[in-house]
Amino acid sequence: MSSCVRWATPSSGFRLPSARTCWRITFPGCRPCAFPNLHPPSRAAGIRDRFNREFFDGTRRSYSTGSQSALAIPLALGLTDAPEATKRALVDAIVGDVEQRGYATAGDVGFGSLLQALSAYGRSDIVYGFLNQDEKPGYAYQLKKGATALTETWDASLGASHNHI
């Protein structure tokens, strides 16, 4: 791992390898910024290159497990160095999965990236759809089940925290 990456948290619930979670948390802090001595552009480029070598499957045109989070995180963070057609294919895969399931599966780690990626590629209609439907797991579903705060699980399971955030 890059010297910028110091730890990783197991994330089987997110269907991402633990290293992917670590990359999600680390890369934003390594982007070029107003303090080039702290975060030189070469550091971000090195992380991007390594990330793509380790997680991008060019044959499948997919990242890691192919989950909604695995595809959205590199798009939202600018980690993918793939051609525009491949980026579109990643977005299309996310859209297809959301449409097939009827809801978002990204957890706390990937949800923000899912919203950013879909919005950046003109698919706010998909975001609107899964945020507002109340027949399958999601925010509206939690409200329909009586939640007054965000629950730990999308389906508002009675066995999970009901004051998660």
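In the predicted model, 41% of the 165 residues of the protein chain count as buried. The protein chain exposes about 8,600 Å², and carbon and sulfur atoms supply 54% of this area. Among the contacts in the protein chain with a separation of 6 or more, 49% are accounted for by residues 24 or more positions apart.

The secondary structure of the protein chain consists of seven helices and two strands. Read from the N terminus, the elements follow the order α-α-β-β-α-α-α-α-α. Strand 1 spans residues 56-57 and strand 2 spans residues 62-63, with a loop between them.

Aromatic side chains were examined next. A pair of aromatic rings is described by the distance of the centres and the angle of the planes. A search of the whole structure gives seven aromatic pairs. In one of them, Phe-56 and Tyr-63 are tilted, with 4.9 Å from centre to centre and 55° between the planes. The two partners differ in their exposure class: Phe-56 has a relative accessibility of 24% and so counts as partly exposed, whereas Tyr-63, with a relative accessible area of 0%, is buried. The cut-off behind this assignment is 20% relative accessible area, under which a residue counts as buried. Phe-56 and Tyr-63 also belong to a cluster, in which ring pairs link them with Phe-51 and Phe-55.

A further tilted pair is formed by Phe-111 and Trp-154, with 5.1 Å between the centres and 55° between the planes. Phe-111 lies in helix 5, which covers residues 108-120, and Trp-154 lies in the segment after helix 7 (139-144); the pair therefore ties together parts that are 43 residues apart in sequence. Phe-111 has a relative accessible area of 9% and is therefore buried.

Backbone angles were also considered. Most residues other than glycine have a negative phi. Arg-61 is not a glycine, yet has a positive phi of about 50°. This residue is located in the loop between strand 1 and strand 2. With a relative accessible area of 39%, Arg-61 is partly exposed.

Ala-156 likewise is not a glycine and has a positive phi, here of about 55°. Ala-156 is found in the segment after helix 7, the segment that also holds Trp-154. Its relative accessibility is 3%, so Ala-156 counts as buried. Of the two residues with a positive phi described here, Arg-61 is thus partly exposed, while Ala-156 is buried.

Definitions and conventions
Residues are numbered from 1 along each chain as its sequence is written. This is a predicted model: local features need pLDDT of at least 70, side-chain atom pairs count only at pLDDT 80 or more; totals for chains, interfaces and linings use all residues. Side-chain values use heavy atoms; hydrogens and water are left out. Rings of Phe, Tyr and Trp (its six-membered ring) pair if their centres lie within 6.5 Å; planes under 30 degrees apart count as stacked, over 60 as edge-to-face and the rest as tilted. Buried means under 20% relative accessible area, exposed over 50%, partly exposed in between (1.4 Å probe, protein chains only). Helices (H or I, at least four residues) and strands (E, at least two) are DSSP runs, numbered from the N terminus. Contact means heavy atoms within 4.5 Å. Accessible areas come from the Shrake-Rupley method with a 1.4 Å probe; for residues, only the protein chains shown count as cover.
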